[in-house]
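Here is a short briefing on a predicted model. Please look over the sequence and structure before reading the points below.

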Amino acid sequence: MFTLNHFIWLAICAVFIGAMLYCSLKFKWSLKTCTYVVAGISLASELCKIFTHIDPVNGSDWTSGGVISAGALPFHLCSILIFVWFIVALVKPSKITQFLLNFATPVAIIGGILALFIPTSGVDFLKPYAYQCFVYHAGIVWYAIYLLATKQVKLTLKVYLTDLATLFVLCILMIWVNGALQTYNTNFFYVVRPPMSGLPYLTLKYGWYVYFIHLVIAAVALFTIVALPNMIQESLEKKKAE
């Protein structure tokens, strides 16, 4: 974390996000086009993750077959967005697709940026995990910014509250999933333990309940920061209309 390789990755991702944002806005890419692009990035990322996380079924015996590591399943907050991108890309626009985009936008911005700054997959340029992590998260950050910039998504107060409720439901669901998969030491949504050791705020030093409360507070605060500009604009427009 914050090594020379990490700073190089951050610089690459910043250039990538900036270039993609410039092209998508300059050349007025449609929502479908941008969704196809982010879905393609997601597919490449997931295929990379799948084929680099296959383990023997029985310890080191490959003659019994191979299976994907439980921790590599797409149940992290950013990983579940893969399903959103493909649904939006393949299904006609509707209230459901708009709901998915409304939820995915702050998640992609917050989760994507945090993943870039907390590289749990490492920063080694010789390891495929790093490419999968950085390219995917840079891609979803670009897409989310594009959605806000083109007003495909407006994070109004109603959307903000719906997003928090959806996040809470998913969080509870992942507590169950991690419990079911505890043998495999999974940590989806980081509700089991912090993403990395040594983090100053997200720590198990005071026990799990305090850690979980810190996690919830952090999530609410970050969602509020992302949605606040739109909510302020919404409030000003209502006052002006009155």
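Helices α4 and α6 are roughly perpendicular to each other, because their axes cross at roughly 80 degrees and angles of 65 to 115 degrees count as such. The axes come within 10 Å. The model is predicted.

**Contact of α4 with α6**
- Helix α4 covers residues 95–117, and helix α6 covers residues 157–180.
- From α4, the contact uses Phe99, Asn102, Phe103 and Pro106.
- These residues meet Val159, Thr162, Asp163, Thr166, Leu167 and Leu170 in α6.
- By class, six residues of this contact are nonpolar, three are polar and one is charged.

**Helix α1**
- Helix α1 runs over residues 4–26, 23 residues in total.
- At 1.5 Å a residue, α1 should span 33 Å; its end C-alpha atoms are 33 Å apart, so the two values agree.
- Its buried residues are His6, Trp9, Leu10, Cys13, Ile17, Met20 and Ser24.
- The buried residues of α1 pack against three helices: α2 (31–51), α4 and α5 (128–149).
- Helix α4 thus appears in two settings: it packs against buried residues of α1, and it meets α6.
- Lys28, just after α1, has a positive phi of about 50 degrees.

**Hairpin of β1 and β2**
- Strand β1 (residues 54–58) pairs with strand β2 (residues 61–68) in the antiparallel sense.
- Four bridges join the two strands.
- Asp55 stands opposite Val67 in β2.
- The strands form a hairpin, with two residues between them.
- Gly59 lies in the turn and takes a positive phi of about 65 degrees.

Methods:
Residues are numbered from 1 along each chain as its sequence is written. This is a predicted model: local features need pLDDT of at least 70, side-chain atom pairs count only at pLDDT 80 or more; totals for chains, interfaces and linings use all residues. Side-chain values use heavy atoms; hydrogens and water are left out. Axes are lines fitted to C-alpha atoms, for helices over the stretch in contact, and angles run from 0 to 180 degrees between N-to-C directions. Angles under 35 degrees count as roughly parallel, over 145 as roughly antiparallel, 65 to 115 as roughly perpendicular and the rest as oblique. Contact means heavy atoms within 4.5 Å. Ala, Val, Leu, Ile, Met, Phe, Trp, Tyr, Cys and Pro count as nonpolar, Asp, Glu, Lys and Arg as charged, and the others, Gly among them, as polar. The expected span of a helix is 1.5 Å times one less than its number of residues. Buried means under 20% relative accessible area, exposed over 50%, partly exposed in between (1.4 Å probe, protein chains only). Two strands pair if DSSP finds at least two bridges between them.
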